[in-house]
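Dear colleague,

I am handing over the structure we spoke about, and I would be glad if you could look through it alongside the notes in this message. Please keep the sequence and the model open together as you read.

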Amino acid sequence: MRFNQPDFKKLFESAPGLYLVLSPSSDYSIIAVSNNYLKATMTKRDEILGHGLFDVFPDNPEDPSASGTSNLRASLERVLKHQISDTMAVQKYDIKRPASEGGGFEERFWSPINFPVFNEEKCIQYIIHRVEDVTDFVKLKQDRLHQHKETEKLRSRADHLEKLRQSQRMEAMGQLAGGIAHDFNNILAIIMLTCETPPGVILDDGLQKRFETIKNTSAKAAMLTRQLLAFSRKQVLVPQSQNLNAIVANLENLLNRLLPEDIKIRSNLAADLGNALVDSVQIEQIILNL
């Protein structure tokens, strides 16, 4: 029984889309083409029928990464080898513009599928190459990705500016703290000097205790000024052999006053920790920074 050649025109009218009918020969010559395919690829029927597929649709020579022809050829070879349809991933396959449209190549993206048509002897007589032009979708996706990257750049820049402003605020606070500390130190010096008992003067126990209380309280206030000076980076370093556990323990009360109520401090101190040669105020400043 003879296998009659199908009426491709009726087939294309019944199933509108972008179709090529290819021979299973080595050059995959074009046997038939739908009007929609001609329109999408800016080609004419009489100019492509009978020509090899890759002679009509070569890769863009200006794109060194172009892989449309190699990917399509591999798909067609799979159809011949396995005799089943082959769905391809979205491909970048640029189309050559006619001279009337300015020549050169136009960037295009396609979603192709290739499937075999068998004759009565169960041999492949044609390969149907159907594509969908997804260029607009791919470019929209690329634009969104570009916008996302630009948004991330703007967000990163905003974060950098906020950190810079925060650094400037901290620097201003440090300068203010340094100025306050110096003035406070002067006041404390007068208070502590006033509490010094002149030689030969004996105070009663009650008055002596009051003077000692003032001196001790002033000494604690002097430690606070050292912390303020350290915060403003104006404190002269005084390294001494210090117990770090004791520094942390003494600082906990200050930290508990500075931190919000929803933040709690838990110290995990090593009992056998040795002494270190450090400036205690600087260590306290490190802990405050953390």
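What follows is an account of the findings, beginning with confidence and then moving through particular residues and contacts.

Please bear in mind throughout that this is a predicted model. The protein chain has a mean pLDDT of 84, with 92% of its residues reaching 70 or more. Confidence varies between the elements of the chain: the highest mean pLDDT, 95, belongs to helix α5 (residues 68–82), whereas the lowest, 75, belongs to helix α7 (residues 205–231).

I turn next to helix α5, where Gly68 is found. Gly68 counts as buried because its relative accessibility is 1%, under the 20% limit. Leaving aside residues up to four places away in sequence, Gly68 touches Asp59, Lys92 and Tyr93. The C-alpha atom of Gly68 is separated by 70 Å from that of Leu277, a residue 209 places away along the chain.

Gln91, which lies in strand β4 (residues 91–92), is another buried residue, with a relative accessibility of 11%. The side chain of Gln91 is joined to the side chain of Asn71 by a polar contact of 2.7 Å. Asn71 is also among the residues that Gln91 touches when those up to four places away in sequence are not counted, and the others are Ser67, Arg108, Phe109, Trp110 and Pro112.

On charged pairs, the general point is that side chains of opposite charge can pair when their charged atoms come close. The structure holds ten salt bridges, and I describe some of them here. Arg78 forms a salt bridge with Asp86, with the closest N and O atoms 2.8 Å apart. The two partners fall into separate accessibility classes, since Arg78 is partly exposed at 36% relative accessibility, while Asp86 is buried at 13%.

Helix α6 contributes further pairs. Glu150 forms a salt bridge with Lys153, the closest N and O atoms being 3.6 Å apart, and these residues are separated by about one helical turn because they are three residues apart in helix α6. Glu150 counts as partly exposed, its relative accessibility being 33%. Glu152 and Arg155 are likewise three residues apart in helix α6, about one turn of the helix, and they form a salt bridge in which the closest N and O atoms are 2.6 Å apart. Both of these residues are partly exposed, Glu152 with a relative accessible area of 36% and Arg155 at 42% relative accessibility. In addition, Arg97, Glu106, Arg108 and Asp133 are joined into one network by salt bridges that share partners.

The last feature concerns the nonpolar surface. Leu176, Ile180, Phe184, Ile187, Ile191, Met192 and Ile214 make a nonpolar surface patch of about 570 Å², and the largest share of this patch, six residues, comes from helix α6 (residues 135–194). Met192, one of the patch residues, lies in helix α6 and is partly exposed, with a relative accessible area of 30%.

Which element should be read with the lowest mean pLDDT in mind? Among the elements of the protein chain that is helix α7, at 75.

With best wishes

Conventions
Residues numbered from 1 in each chain as written. Predicted model: local features only at pLDDT ≥ 70, side-chain atom pairs only at ≥ 80, totals over all residues. Heavy atoms only, no water. Patch = residues over 30% accessible without salt bridge, like charges linked within 9 Å, V, L, I, M, F, W, Y side chains within 5 Å. Areas by Shrake-Rupley, 256 points an atom, 1.4 Å probe, with all protein chains shown as cover. Salt bridge = Lys/Arg side-chain N within 4 Å of Asp/Glu carboxyl O. Helix = DSSP H or I, 4+ residues; strand = E, 2+ residues; numbered from the N terminus. Buried < 20%, exposed > 50% of the residue type's maximum accessible area, 1.4 Å probe, protein only. pLDDT = per-residue confidence, 0-100. Polar contact = N/O pair within 3.5 Å; in protein donor to acceptor, adjacent residues only side chain to side chain. Contact = heavy atoms within 4.5 Å.
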